[in-house]
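Got the viewer open? Keep a selection box handy, and we'll go stop by stop.

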Amino acid sequence: MTIALVNYGMGNIHSVAKALERVGGKVRIATTPDDLKDASRIVLPGVGAFRDCIASLRKNDLDQALLESMRSGTPYLGICLGMQILLDESYEFGEHKGLGVIAGSVKHFPAHLTEDGIKIPHMGWNDVIPATEAHPVLASLRAKQCYYVHSYVCVPKNPQHIQAACSYGNHPFAAAIGKDNILGVQFHPEKSQAAGLAMLEAFTTWNP
Amino acid sequence: MLSKRIIPCLDIAHGRVVKGVQFVDIIDAGDPVEAAIRYDEQGADELCFLDIRASVETRDTLYDVVTRVAENVFMPLTVGGGVKALKDIENLLHAGADKVSINTAAIFQPELVREASQRFGSSTIVVAVDAKRVDDHWECFTHGGRKPTGINAISWAKQMADFGAGEILLTSMDSDGTKAGYDIALTQQVSDGVSIPVIASGGVGNLEHLAQGLGEGKASAVLAASIFHFGEYTINQAKEHLHVQGIPVRLT
């Protein structure tokens with residue numbers, strides 16, 4: 001039961017690793033495609049810019065390896081940028097192709113929010129409202145707040161891929177997206193104290 | 001709804017928590033990891049560490065503190081003090097910081113803020129603005145409030161936001177350590193002037209001061225050190241106080 005934690009040289013791997021270990025996960029830092037083979041779960045944390053993340057994954061042939069693992073049914077959790085790269089494309093610093101596992105795009109919070117005096121990035125603790133039929137990994141988050149820090153949001157084409165919602169400045173957005181064995185969360189469970197740890201624990205036992 | 005954040009700040013020197021009054025009179029206030037665990041239990045929304053005696057010799061001590069804290073608490077951690085180059089930022093992020101605060105270096109090499117926000121993401125980069133009233137305006141000061149720069153603090157905050165800073169940590173040098181409350185006029189003008197979150201800092205003496213910073217001051221977050229550190233109030237008490245006034249906070 002090894003969780004491959006993908007390190008593409010940008011993110012804060014440390015805190016995600018420690019959080020997974022705290023809830024009983026056995027973590028292997030993955031930097032090559034080989035590191036993903038035989039992993040029972042995959043976590044892709046995210047800090048930094050979309051284009052650098054995807055470029056770094058491609059350079060290390062991790063993009064294809066990730067797609068293969070996802071296709072073979074390995075449970076995947078993407079955090080923040082690790083969620084955003086699941087989509088087809090992002091408009092952060094230009095237009096960049098994502099993994100295209102879930103149809104849709106990554107867009108900046110609408111400009112009118114700033115005009116209304118709403119601060120961007122969306123930074124801090126906000127709600128996670130799971131879908132009516134809650135995803136098993138997210139069910140414990142109902143009525144809880146988690147820590148967000150982002151300026152871009154995932155806009156999946158199919159609203160059924162939205163697994164949890166949040167709202168900022170009256171603008172609703174996807175707090176979590178997913179289908180089958182793939183889940184992405186916009187907030188940072190590794191920074192969300194007890195609520196986040198409970199979610200990560202649910203991921204370590206999730207059998208999609 | 002997005003909650004307003006309560007951020008206890010730990011001034012660090014040589015790997016220990018210290019607290020100064022107006023950036024002098026440093027007194028020892030304990031072990032950073034123990035303090036971090038205590039704040040975690042109290043429901044702090046975030047932690048801020050500022051290495052106020054940052055130097056090349058003490059860098060490794062700071063990285064070690066950051067790593068040990070990040071192993072023990074699972075909440076956002078901002079670290080600042082002596083950050084001069086992209087490599088310093090990278091090292092702090094790898095040690096376990098989530099955000100890195102840049103102060104003096106931003107004044108002398110503003111491009112660092114631009115490069116850092118492009119490389120590590122805007123939301124990782126906090127620019128600390130230490131402002132002091134000079135005649136009818138506020139000026140930026142560096143070196144822990146000792147050196148004037150002649151730069152207008154409000155236009156500076158705007159410029160830093162344009163350069164890609166994700167957040168402004170605004171400290172009033174006049175208020176810091178006085179326990180007389182935040183400089184509300186300064187906080188409000190900076191909050192209104194930038195489109196990124198502003199953390200109010202400097203001068204908290206009671207819980208009503210927190211409410212003023214978030215209300216009148218329009219800050220997204222409030223930072224305080226001594227009222228929490230010396231056990232006068234817990235974070236939970238602070239949140240309860242804000243909650244009854246209708247200020248959105250995360251109750252744990």
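## Start with chain A

Select chain A: of its 208 residues, 60% count as buried (buried means under 20% relative accessible area, exposed over 50%, partly exposed in between, with a 1.4 Å probe and protein chains only). Before going further, note that this is a predicted model, where local features need pLDDT of at least 70, side-chain atom pairs count only at pLDDT 80 or more, and totals for chains, interfaces and linings use all residues. Residues are numbered from 1 along each chain as its sequence is written, chains are lettered from A and ligands numbered from 1 in the order in which they are written, and side-chain values use heavy atoms, with hydrogens and water left out.

Switch to cartoon and you should find seven helices and 14 strands in chain A (DSSP runs numbered from the N terminus: H or I of at least four residues for helices, E of at least two for strands). The radius of gyration of chain A is 16 Å, close to the 17 Å from the globule rule for 208 residues, so chain A is as compact as a globular protein of that length. That radius is taken over C-alpha atoms, and the rule is 2.2 Å times the number of residues to the power 0.38. Along the principal axes, the C-alpha trace of chain A spans about 50 × 35 × 30 Å.

Now turn on contacts (heavy atoms within 4.5 Å). Among those in chain A between residues at least 6 apart in sequence, 69% join residues at least 24 apart. Add a surface: chain A exposes about 7900 Å², with carbon and sulfur atoms supplying 50% of that area (Shrake-Rupley method, 1.4 Å probe; for residues, only the protein chains shown count as cover).

## Helix 4 of chain A and its surroundings

Select residues 62-71 of chain A. This is helix 4, mostly covered, with seven of its ten residues buried. The buried ones to highlight are Leu62(A), Asp63(A), Ala65(A), Leu66(A), Leu67(A), Ser69(A) and Met70(A). What covers them? The cover includes strand 1 (2-6), helix 2 (33-36), strand 3 (41-44), helix 3 (50-59), strand 4 (76-79) and strand 14 (182-185) of chain A.

Check the backbone at either end. In the loop between helix 3 and helix 4 sits Asp61(A), a residue other than glycine with a positive phi, near 55 degrees. Asp61(A) counts as exposed, at 52% relative accessibility. Just after helix 4, Gly73(A) takes a positive phi of about 100 degrees.

## Two more backbone stops in chain A

Jump to Pro121(A), in the loop between helix 6 (111-115) and strand 8 (122-127). The peptide bond leading from Ile120(A) to Pro121(A) is cis, with omega near 5 degrees.

Next, pick Asn170(A), in the loop between strand 12 (162-168) and strand 13 (171-179) of chain A. Asn170(A) is another residue other than glycine with a positive phi, near 65 degrees. Is Asn170(A) buried or exposed? Exposed, with a relative accessible area of 75%.

## Cysteines in both chains

Select every cysteine sulfur. How many disulfides does the structure hold over all chains? Zero, where a disulfide is a pair of cysteine sulfur atoms within 2.5 Å. Cys53(A) has its closest cysteine sulfur in Cys80(A), 10 Å away and too far for a bond; Cys53(A) is buried at 1% relative accessible area. Over in chain B, the sulfur of Cys9(B) is 4.1 Å from the closest cysteine sulfur, in Cys48(B), also too far for a bond. Cys9(B) is buried, with a relative accessible area of 4%.

## On to chain B

Show all of chain B, and you'll see ten helices and twelve strands. Its radius of gyration is 16 Å, which agrees with the value near 18 Å for a compact globule of 252 residues. Taken along the principal axes, the C-alpha atoms of chain B fill a box of roughly 45 × 40 × 40 Å. Buried residues make up 60% of chain B.

Finish at Ile107(B), in helix 4 (residues 104-108) of chain B. Ile107(B) is buried, with a relative accessible area of 12%. Leaving out residues up to four places away in sequence, Ile107(B) touches Cys140(B), Thr142(B), Thr149(B), Ile151(B) and Trp156(B). For a last distance label, pick the C-alpha atoms of Ile107(B) and Glu90(B): they are 17 residues apart along the chain and separated by 20 Å.
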